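Subject: Structure for you to look at

Dear colleague,

I am passing on a structure that you have not worked with before, and below it you will find what turned up when I went through it. Please keep it open beside this message as you read.

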There are 2 protein chains.
Amino acid sequence: MKGIRRLAQELDISIGTVSRALNGRADVSPETRQRVLEAAAAMGYVPNQAGRSLRQGNTNAIGFMIELGADANGGNDNFFMGVFDGVQSVLARHHLDLVVLPCPTGEDPAVYLQRMMARRLVDGLIISATHRKDARIDMLTKMRIPFITLGRSNTPGDYPWIDLDFDGAARRAVDRLVSAGHSRIAIAVPSNDINLGFIFLDGYKAALARHGLAFDPALVVRVPSSELGGYQLGHELLAMKERPSAVILNYELLALGLYRQLGEAGLQAGRDLAVIGFRENPVSRYMSPRLTCFRLSLTGLGAAIGEALLATMPAYAEAYPLGRTQRIWPMELVPGESDGA
Amino acid sequence: MKGIRRLAQELDISIGTVSRALNGRADVSPETRQRVLEAAAAMGYVPNQAGRSLRQGNTNAIGFMIELGADANGGNDNFFMGVFDGVQSVLARHHLDLVVLPCPTGEDPAVYLQRMMARRLVDGLIISATHRKDARIDMLTKMRIPFITLGRSNTPGDYPWIDLDFDGAARRAVDRLVSAGHSRIAIAVPSNDINLGFIFLDGYKAALARHGLAFDPALVVRVPSSELGGYQLGHELLAMKERPSAVILNYELLALGLYRQLGEAGLQAGRDLAVIGFRENPVSRYMSPRLTCFRLSLTGLGAAIGEALLATMPAYAEAYPLGRTQRIWPMELVPGESDGA
DNA sequence: GACATTGCCGTAAACGTTTCTGGAAATTTC
DNA sequence: GAAATTTCCAGAAACGTTTACGGCAATGTC
């Protein structure tokens, strides 16, 4: 005899009562509940999740899908670790657990997602590295699985999302550079179809226009989001006929390769080329010269993701007034030495 | 009507036969099997994992527990992403899925593990960031859950583990520095009780002894495994009465902070202080000067972990001759410019 | 042609929960 | 003190699978 049945036998009561006592239902006397809880603790009883899932049709777990391919989310640094912490802080309030689902490099994210959802492993899902046209969004809406995307997409629909303030970052970077006297400002965007690149570029264009500067397509450099990409970026910048005096990066670690390329040419960021990076992280803080970039609260972002997701799940929604489930997460500019200010 | 029952009704055969057909059992006629498979595909049927788990008592998933606390595994860079890929390449052969379990910062890893295992979410487990005395090991052996640790521990027992070649790296770093003429060689080790620090230090000591050099405890600097730790390390090195001419790092990103500290004192790695880092990664490759460090195959490591774990699980063991489930993963020195050679 | 074997399939039990239903006992109500 | 209500619990069904068992027909064996 195992599980709840054994517990019931031990206490000489029915398994139904044991279950109700453990789950805090009303119709069980205080003393019986007490006995059950004590016996459960003593015997180290924990309910079998498979049985519970089968019966109630849920799993009490939330999934977070990430893509392992380095290019897809820019080298996978400590970004997600902070976000996971934030998400869990919210889920813990409801006894929900977080499981991370890593899509292998080279596997189609949509196919992977299909496989994982078929397992019915989670009740809700967070997906990241949103592509411009993302098949996963249609799939999840069709499957009626609650989800939220970290990153906007162009896929139409009324699904919830949260995204970093790419437009704002691009705009403020341009503003800062223009007021420092720069007029020829290059921009680096990812070479794949991840959506953030398009938004970043749009923000850049809009900011230029507001300053009355013409948009020059030659100043848009598409490179993979990696240190090597930064090195290539440097090469392209130096090879330009009319060399720009500043560059804005969509990904902070591009600066490493860029710095190296500049160094090999006897040049230095901040002095010979103004550089504004993207997200502040431990590496950008210790590069020389220190990178001017944008700070955000990773755990705060994670918590916002968790709350927005729960707001769309009927079982938890009452605690989270639906409100805005589509929002832009703010970033704050932290000046470094790389923009020559 | 849902699930297998609906499928059976549609085909007008029993659910037992459907199940056997889908699971490739022998006693079902070829044409029936064909019909079932086609109907399942047409209706988009996928077996309910909860029902299956409940019946067969397993989950067809393997867990990989990581710790989010930045200090615990050295800043969480792309290390794990590569390993996940390798693990999945092996698991896929057996239709096993990988789920990553991120232990929140600040939560006791053993408590977290207990919670997750109670959910019976996975059939086997990989744990990382092994501590010198690791409560999780006793817990898992007691629970009879197949597991493997990424990182040795001092906890006694015959459990499987894989570890990076910390001793070899320390030894070869010392060898290289000594033959370049250095005799006062400092070493950085983590300030917490993560086990790799002790092994790294032991390798260092042994190598010194082999060269007839005395071990000087003053040359052992304990700092957190982060860029800031590297900065502190630089401070301590520069403040030493008898300043060392070389330093060996247990974690490559320490070099970033160290470089900065040196730069602020007008010094440079390679020229004024020989530096040998630990693991090669994209960042270390683009630091200036490029860090001398050790290369390893992350996906290879992941695959080895997966195979060693499966070798201990009865259901899969036959494919993996038990052999050595305790092994050291090799690393290859890649010369940079930071050691002045 | 009687018998044993084989191939295929239906039936039903089991996995560990939760929850619906009913009902006995205790309490309250007039 | 009978009726109505409440409190608490037992019993059983249900969730979706897998699999042990048995049986019927078809095939093989002498």
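Two strands are taken to pair if DSSP finds at least two bridges between them. By that rule strand β8 (residues 246-248) of chain B is joined to strand β9 (residues 274-279) of chain B by 3 bridges, and the two run parallel. Within this pairing, B:Ile248 stands opposite B:Ile276 in β9(B). Please bear in mind throughout that this is a predicted model.

The sheets

The pair just described sits in an open sheet of 6 strands in chain B, with mixed pairing and the order β7-β6-β8-β9-β10-β12. Because β7 (220-223) and β12 (332-334) of chain B each have a single partner strand, they stand at the edges, and one side of each is left without a neighbour in the sheet. On average, and with direction ignored, neighbouring strands of this sheet are turned by 25° against each other.

Chain A also has an open sheet of 6 strands, with the order β7-β6-β8-β9-β10-β12 and mixed pairing. Its edge strands are β7 (220-223) and β12 (332-334) of chain A, each of which pairs on one side only, and neighbouring strands are turned by 25° against each other on average, direction ignored. Strand β10 (residues 292-295) of chain A pairs with β12(A) in the antiparallel sense over 3 bridges, and A:Cys293 has A:Val334 as its bridge partner in β12(A).

DNA strand C

There are 30 residues around DNA strand C, of which A:Ile4, A:Ser19, A:Arg55, B:Thr17 and B:Thr32 come nearest. Of the atoms of DNA strand C that come within 4 Å of the protein, sugar and phosphate account for 61%. The side chain of A:Lys2 has an N or O atom 3.3 Å from a phosphate oxygen of this strand, while for the side chain of A:Arg52 the corresponding distance to a phosphate oxygen is 3.0 Å. A base is reached as well, since a polar side-chain atom of B:Asp27 lies 3.4 Å from a base nitrogen of DNA strand C. Among the elements that give two or more residues to this surface are α1 (3-11) of chain A and α3 (30-43) of chain B. By class, the surface has 9 nonpolar, 12 polar and 9 charged residues.

DNA strand D

Around DNA strand D there are 29 residues, and A:Ser14, A:Thr32, B:Ile4, B:Ser19 and B:Arg55 come nearest. Sugar or phosphate makes up 64% of the atoms of DNA strand D within 4 Å of the protein, and the rest belong to bases. Phosphate oxygens of this strand lie 2.8 Å from a backbone N or O atom of A:Ser14, 3.1 Å from a backbone N or O atom of B:Asn48, and 3.0 Å from a polar side-chain atom of B:Arg52. The residues of this surface divide into 9 nonpolar, 11 polar and 9 charged.

A pocket

The second largest pocket has a volume of about 660 Å³. It is lined by 28 residues, and A:Ser288, A:Pro289, B:Tyr259, B:Ser288 and B:Pro289 lie nearest its centre. At least two residues of the lining are supplied by each of α11 (254-264) of chain A and α11 (254-264) of chain B. The lining divides into 16 nonpolar, 7 polar and 5 charged residues.

With best wishes

Note on methods: Residues numbered from 1 in each chain as written. Chains lettered and ligands numbered in written order. Predicted model: local features only at pLDDT ≥ 70, side-chain atom pairs only at ≥ 80, totals over all residues. Heavy atoms only, no water. Near = heavy atom within 4 Å. Polar contact = N/O pair within 3.5 Å; in protein donor to acceptor, adjacent residues only side chain to side chain. Helix = DSSP H or I, 4+ residues; strand = E, 2+ residues; numbered from the N terminus. Nonpolar A, V, L, I, M, F, W, Y, C, P; charged D, E, K, R; others polar. 1 Å grid on protein atoms, 1.4 Å probe; cavity = no way out; pocket = protein on both sides within 12 Å on 5 of 7 lines; lining within 4 Å. Points joined across faces, edges and corners; volume = space filled by probe spheres on them. Axes fitted to C-alpha atoms, helices over the stretch in contact; angles between N-to-C directions.
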